[in-house]
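Me: Could you help me understand the words people use when they describe a protein model? I would like to see how each label is earned.

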Amino acid sequence: MLLLQPCTNVDDCLRARYFGSDGVCIQATTEADWTSLAGRCRSMRMMPIVLVEDSQHLAQAVAWGVRATFLKGRVEEVV
């Protein structure tokens, strides 16, 4: 099961795990936010997925070492 509601803090991740989620969409604006939440998700045996809204955000996420992204919006805006 994948939680599509954006997770912005550890409590959101804990709630997702409690309800059986195997992956969560993380809305991170900085690398520190991503690293912190992604690490917590992995420690709870969940897949961290970053929400991407445009090509600039996608490039930023790739630079952070993100392994999975979820496109929020239209493909034409990112590709």
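Me: Which elements do the buried residues of H3 pack against?

Reply: Keep in mind that this is a predicted model. In it, the buried residues of H3 pack against helix H2 (31–43) and strand E3 (47–52). The residues concerned are His57, Ala61 and Trp64, in a helix that covers residues 55–64.

Me: What puts those buried residues on the same side of H3?

Reply: They cover an arc of only 55° around the axis, and therefore they sit on the same side of H3. There is a simple rule behind this: an α-helix has 3.6 residues a turn, so residues three or four places apart point the same way. On the face turned away from the buried side, H3 carries the exposed residues Gln56, Val62 and Ala63.

Me: Why is His57 called buried?

Reply: Compare its value with the cut-off. Buried means under 20% relative accessible area. His57 has 16% relative accessibility, so it counts as buried.

Me: What does the side chain of His57 have as a polar partner?

Reply: A polar atom of the His57 side chain lies 3.4 Å from the backbone oxygen of Ala28. The limit for a polar contact is 3.5 Å, so a pair at that distance falls within it. His57 also touches Ala28, Leu51 and Val52, if residues up to four places away in sequence are not counted.

Me: How do you know that Ser21 is buried?

Reply: The same cut-off helps here: buried means under 20%. Ser21 has a relative accessible area of 3%, so it is buried. Ser21 lies in the loop between helix H1 (10–18) and strand E2 (23–26). Its side chain reaches the backbone oxygen of Met1 at 3.4 Å. Leaving out residues up to four places away in sequence, Ser21 touches Met1, Leu2, Leu3, Ala16 and Met46.

Me: Why is Arg45 called exposed, while Arg17 is called partly exposed?

Reply: Exposed means over 50%, and partly exposed lies between 20% and that value. Arg45 has 68% relative accessibility, so it counts as exposed. Arg17 has 30%, so it counts as partly exposed. Arg45 lies in the loop between H2 and E3, whereas Arg17 lies in helix H1. The two are also in contact: leaving aside neighbours within four places in sequence, Arg17 meets Asp22, Met44, Arg45 and Met46.

Me: What makes the phi of Arg45 worth a second look?

Reply: Most residues other than glycine have a negative phi. The phi of Arg45 is near 60°, a positive value in a residue other than glycine. A positive phi also turns up at Gly65, which follows H3 and has a phi near 90°.

Me: What makes E1 and E2 a pair?

Reply: Count the bridges. Two strands pair if there are at least two bridges between them. Strand E1 (residues 2–7) and E2 pair in the parallel sense over three bridges, so they meet that requirement. Leu3 stands opposite Val24 in E2. E2 and E3 also pair in the parallel sense, over four bridges, and Cys25 has Ile49 as its bridge partner in E3.

Me: Which way does the chain turn as it crosses from E2 through H2 to E3?

Reply: This β-α-β crossover is right-handed. E1, H1 and E2 make a right-handed β-α-β unit too.

Me: Where do the residues of E2 point, and are they buried or exposed?

Reply: Gly23 and Cys25 point one way from E2, Val24 and Ile26 point the other way, and all are buried.

Me: Which residues have the most contacts inside the largest nonpolar core?

Reply: They are Cys13, Val24, Ile26, Trp34 and Met46, in a core of 17 residues. H1, E2, H2, E3 and H3 each supply at least two residues of this core, and H2 gives the most, with four. Not counting residues up to four places away in sequence, the residues that Trp34 touches include Ile26, Pro48 and Trp64.

Me: Why does Thr69 count as partly exposed?

Reply: Its relative accessibility is 44%, which is between the 20% and 50% cut-offs, so Thr69 counts as partly exposed. Thr69 lies in strand E4 (residues 69–71). Leaving aside neighbours within four places in sequence, Thr69 is in contact with Ile49, Val50, Val52 and Leu58.

How values were computed: Residues are numbered from 1 along each chain as its sequence is written. This is a predicted model: local features need pLDDT of at least 70, side-chain atom pairs count only at pLDDT 80 or more; totals for chains, interfaces and linings use all residues. Side-chain values use heavy atoms; hydrogens and water are left out. Buried means under 20% relative accessible area, exposed over 50%, partly exposed in between (1.4 Å probe, protein chains only). A polar contact is a pair of N or O atoms within 3.5 Å; within protein, one must be able to donate a hydrogen and the other to accept it, and residues adjacent in sequence count only if both atoms are side-chain atoms. Contact means heavy atoms within 4.5 Å. The arc is that of the directions from the helix axis to the C-beta atoms. A crossover is right-handed if, with the strands pointing away from the viewer, the path from the first strand over the helix to the second runs clockwise. A nonpolar core is a set of buried Ala, Val, Leu, Ile, Met, Phe, Trp, Tyr and Cys residues joined through side-chain atoms within 4.5 Å.
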